[in-house]
Structures are given as structure tokens and as C-alpha cells.
Amino acid sequence: MLQEDLMVKDTLADLNGNLRDYGEIIAKTENLQLRQTLIQLRNSCETTQYELLLLAKEYGYYIATEEALWEDIERVKSIFQA
């Protein structure tokens, strides 16, 4: 039987994959009603992922990387705004 921390990490990985897939599918969907439904599903998945992430951090199952420096954030923003 899997340990609780491994189950949480596995679920987070699955949710991250689902979010990536939703983004790809939404970008290719022309039907507006289907697109809106997929966006709602993605938003729900994103909320679930974030809540599980917070819970994982609380229990010590997930250790975040160091926060990015403001200069790094601005540099990346400028790359994507160009």
C-alpha cells in the first residue's frame, strides 16, 4: 500500500498533467459551449490542485523551491511581452 505522502505527490502530478492537457485542448476547441465547459473544468481542477498543494505543504509532503527574485520575474515577463 502506498504511503500517504506518495499518494499526495502522485495526485499532484496527475492534476498538473490534467491542467496541461486542459490548456492544450482548450486552445484547439472551436465550439464555444464546449470551450466554456472545458475552461470551467480546468478552473475546478486548478482549485483542487492548489488546495491539495497547500495541504501537502502543511503536512510536509511538498517542499517548495525558493522564491524567485523580483529581477528574475521581471526578466521573464519581458521575454513573454516582447
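User: What covers the buried residues of helix α2?

Analyst: Helix α1 is among the elements that cover them, where "buried" stands for a relative accessible area under 20%, "exposed" for over 50% and "partly exposed" for in between (1.4 Å probe, protein chains only). The buried residues of α2 are Leu38, Cys45, Gln49, Leu52, Leu53 and Ala56. This is a predicted model, in which local features need pLDDT of at least 70, side-chain atom pairs count only at pLDDT 80 or more, and totals for chains, interfaces and linings use all residues. Residues are numbered from 1 along each chain as its sequence is written, and side-chain values use heavy atoms, with hydrogens and water left out.

User: Which residues of α1 are buried, and what covers them?

Analyst: In α1 the buried residues are Val8, Leu12, Leu15, Gly17, Leu19, Tyr22 and Ile26, and their cover includes α2, residues 32-58.

User: Why is Gln49 called buried?

Analyst: Gln49, which has its place in helix α2, has a relative accessible area of 13%, and it is therefore counted as buried. Leaving aside residues up to four places away in sequence, Gln49 touches Leu12, Leu15, Asn16 and Leu19, a contact being heavy atoms within 4.5 Å. Of these partners, Leu12, Leu15 and Leu19 are among the buried residues of α1.

User: What makes Gly23 count as partly exposed?

Analyst: The relative accessibility of Gly23 is 32%, so this residue of the chain is classed as partly exposed. Gly23 belongs to helix α1, and its C-alpha lies 9.0 Å from that of Leu38, a residue 15 places away in sequence. Leu38 itself is one of the buried residues of α2.

User: How do you know which class Arg75 and Ile63 belong to?

Analyst: Arg75, in helix α3 (residues 70-81), has a relative accessibility of 47% and is therefore partly exposed. Ile63, in the loop between α2 and α3, reaches 75%, so it counts as exposed. As for their places in space, the C-alpha atoms of Arg75 and Glu24 are 25 Å apart, with their positions 51 residues apart in sequence, while those of Ile63 and Asn18, 45 residues apart along the chain, are separated by 21 Å.

User: How do you know that the span of α2 agrees with what is expected?

Analyst: The expected span of a helix is 1.5 Å times one less than its number of residues. Helix α2 has 27 residues and should therefore span 39 Å, and its end C-alpha atoms are indeed 39 Å apart. Helix α1, with 25 residues (4-28), reaches 36 Å from its first C-alpha to its last, which is close to the 36 Å expected.

User: What makes the pattern of the protein chain α-α-α?

Analyst: The protein chain has three helices and zero strands, and reading along the sequence gives α-α-α. Here helices (H or I, at least four residues) and strands (E, at least two) are DSSP runs, numbered from the N terminus.

User: How does the radius of gyration of the protein chain stand against that of a compact globule?

Analyst: The protein chain has 16 Å, whereas a compact globule of 82 residues would be near 12 Å; the radius is taken over C-alpha atoms, and the globule rule is 2.2 Å times the number of residues to the power 0.38. Along the principal axes, the C-alpha atoms fill a box of roughly 40 × 40 × 15 Å, and buried residues make up 18% of the 82 residues.
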